[in-house]
Amino acid sequence: MTRYYILFGPPGAGKGTQAQAMVERYNLHHISTGALLRKEIAAGSELGLKAKELIEKGNLVPDEVVEGMIENEFRTVKGVDGFLLDGFPRTIEQAKALDNLLAKTGESVTATVSIMIPDEMIVERIQGRALKEGRADDADINVINNRIATYHRQTEPLIDFYRSCGKYTEVDGTGSIDEVREGIFKVMD
Ligand code: AMP
């Protein structure tokens, strides 16, 4: 049976970094909605143009846009044991849409793994990443602060959503990359 894992956590928690180790160890396909949107922006597509403005302000793109991307990946990617969703769902509406999509084939979310760090560390990590990756939304403190506020307002409620169905696990994200990876492997195993 295909497994569906959600890699959860605030921006800058290290989801992208840890996803790479997780997909190798568990033979999963990594789906980062942020990376897919950045690809659209780079390609200059119509969707990319619309998404660019929202992303550069630190706001979320519409639910239907990312839901369509997820559906497309599920449909087209074969030969893996499961999927690792990174940066999706980010709203309760997206979480419900995911449940409905999986229910069509009698499937459901396997588990969420949440990497947790405090707000002060979010800013520090994102500013460090800005120097390496050159993301526009990492370069401006006002945008970073809006992303943190957006996370608390729209995404954090998902913790209770998944906790209430017994699918929430949390890992301390404040340690080194190796330490956090070991923590994740422990809960996944
Ligand atoms: P990320 O790479 O996950 O930090 O995402 C970068 C930006 O892409 C976010 O700040 C949002 O503007 C947008 N984005 C990524 N995933 C989603 C999502 N699931 N729903 C809405 N917007 C998203």
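User: Which residue lies over the face of Phe185?

Analyst: The model is predicted, local features need pLDDT of at least 70, side-chain atom pairs count only at pLDDT 80 or more, and totals for chains, interfaces and linings use all residues. Residues are numbered from 1 along each chain as its sequence is written, and side-chain values use heavy atoms, with hydrogens and water left out. A charge sits over a ring if NZ of Lys or CZ of Arg is within 6 Å of the ring centre and within 35 degrees of the ring normal. At 4.2 Å from the centre of the Phe185 ring, the residue is Arg25.

User: Why is the pair of Tyr4 and Phe74 edge-to-face or stacked?

Analyst: Rings of Phe, Tyr and Trp (its six-membered ring) pair if their centres lie within 6.5 Å; planes under 30 degrees apart count as stacked, over 60 as edge-to-face and the rest as tilted. By this rule there are 6 aromatic pairs. The centres of Tyr4 and Phe74 are 5.0 Å apart and their planes are at 70°, so the pair is edge-to-face.

User: Is Tyr4 buried or exposed?

Analyst: Buried means under 20% relative accessible area, exposed over 50%, partly exposed in between (1.4 Å probe, protein chains only). Phe74, at 13%, is buried. Tyr4 has 6% relative accessibility, so Tyr4 is buried.

User: Which residues form one aromatic cluster with Tyr4?

Analyst: Tyr4 belongs to one aromatic cluster. The other members are Phe74 and Phe83.
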